[in-house]
Amino acid sequence: TIPLLSIIEGFQPEKSNITITMDGLEVVKVRDNLIPIIRLHKIYSIEPEQNELDKGILVTVVDNNEYYCLFIDEILEQQQAIVKALPRHMGQVRGVSGCTILGDGNISPIVDIGNLIKLAKDNNLDLDI
């Protein structure tokens, strides 16, 4: 779950708008701005449904006037959510501020955008532009 206040837009990028800089940073051109891409599956070491950026979805998020695009598999729905603390037995989860219970009863972690960006930078995902 991504907090709505952090989201600018979601879109499927065109291959021609995706570039890799000389330092290996993946960026996407959005209205004449180059925005760094964060691949969530690299941070969380999970297998994505899609590896090709132009076949997935990018969600532009903002934190402290810095813009990034999160590479995700799909957008499920938009809904109001009640934020709950993570259960103590889970400990602290990187880049997650809490969780919410979805309409179908499943639990969804809530992404902490600022912490997630810091994680991406700390994991040497080349986000300094």
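**Pocket, helix and strands in a predicted model**

Modeller: In this predicted model, strand 8 supplies the largest share of the lining of the largest pocket, namely 5 residues.

Biologist: Which other elements give two or more residues to that lining, and how many residues line the largest pocket?

Modeller: Besides strand 8, the elements giving two or more residues are strand 1 (7-11), helix 1, strand 6 and strand 7 (96-101). The lining comprises 46 residues, and those nearest the centre of the pocket are T1, I2, S108, P109 and V111. The space inside amounts to about 1,500 Å³, and the lining residues divide into 29 nonpolar, 10 polar and 7 charged.

Biologist: Why is T60 called buried?

Modeller: The relative accessible area of T60 is 2%, and the cut-off for a buried residue is under 20%, so T60 is called buried. T60 lies in strand 5, where its contacts, leaving aside residues up to four places away in sequence, are S6, I7, I8, E9, F11, I35, Y67, Y68 and C69.

Biologist: What makes I38 buried?

Modeller: I38, which lies in strand 4, has a relative accessible area of 0%, and because buried means under 20%, I38 meets that cut-off. The C-alpha atoms of I38 and E9 are separated by 15 Å, with the two residues 29 apart along the chain.

Biologist: How do you know that the buried residues of helix 2 line one face of the helix?

Modeller: The buried residues of helix 2 (residues 113-122) are I113, L116, I117, L119 and A120. Viewed down the helix axis, these residues fall within an arc of 155°, so they line one face. Their cover includes strand 4 (33-39), helix 1 (40-44), strand 5 (57-63), strand 6 (66-72) and strand 8 (107-111).

Biologist: What makes D112 a cap of helix 2?

Modeller: A side-chain oxygen of D112 lies 3.3 Å from the backbone nitrogen of G114, and because a polar contact requires the N or O atoms to be within 3.5 Å, this pair satisfies the distance cut-off, with D112 capping the N-terminal end of the helix.

Biologist: Why does R31 count as exposed, and why is S45 called exposed or buried?

Modeller: Exposed means over 50% relative accessible area; R31 is at 62% and therefore counts as exposed, and S45, with 66%, is therefore exposed as well. R31 lies in the loop between strand 3 (26-30) and strand 4, whereas S45 is found in the loop between helix 1 and strand 5. Although R31 is not a glycine, its phi is positive, about 45°; S45, also not a glycine, has a positive phi of about 50°.

Notes: Residues are numbered from 1 along each chain as its sequence is written. This is a predicted model: local features need pLDDT of at least 70, side-chain atom pairs count only at pLDDT 80 or more; totals for chains, interfaces and linings use all residues. Side-chain values use heavy atoms; hydrogens and water are left out. Buried means under 20% relative accessible area, exposed over 50%, partly exposed in between (1.4 Å probe, protein chains only). Helices (H or I, at least four residues) and strands (E, at least two) are DSSP runs, numbered from the N terminus. The arc is that of the directions from the helix axis to the C-beta atoms. Contact means heavy atoms within 4.5 Å. A polar contact is a pair of N or O atoms within 3.5 Å; within protein, one must be able to donate a hydrogen and the other to accept it, and residues adjacent in sequence count only if both atoms are side-chain atoms. On a 1 Å grid over the protein atoms alone, a cavity is a set of points where a 1.4 Å probe fits but cannot get out, and a pocket is an open set with protein on both sides within 12 Å along at least five of seven lines; lining residues have an atom within 4 Å of a point. Grid points are joined across faces, edges and corners, and a volume is the space filled by probe spheres set on the points. Ala, Val, Leu, Ile, Met, Phe, Trp, Tyr, Cys and Pro count as nonpolar, Asp, Glu, Lys and Arg as charged, and the others, Gly among them, as polar.
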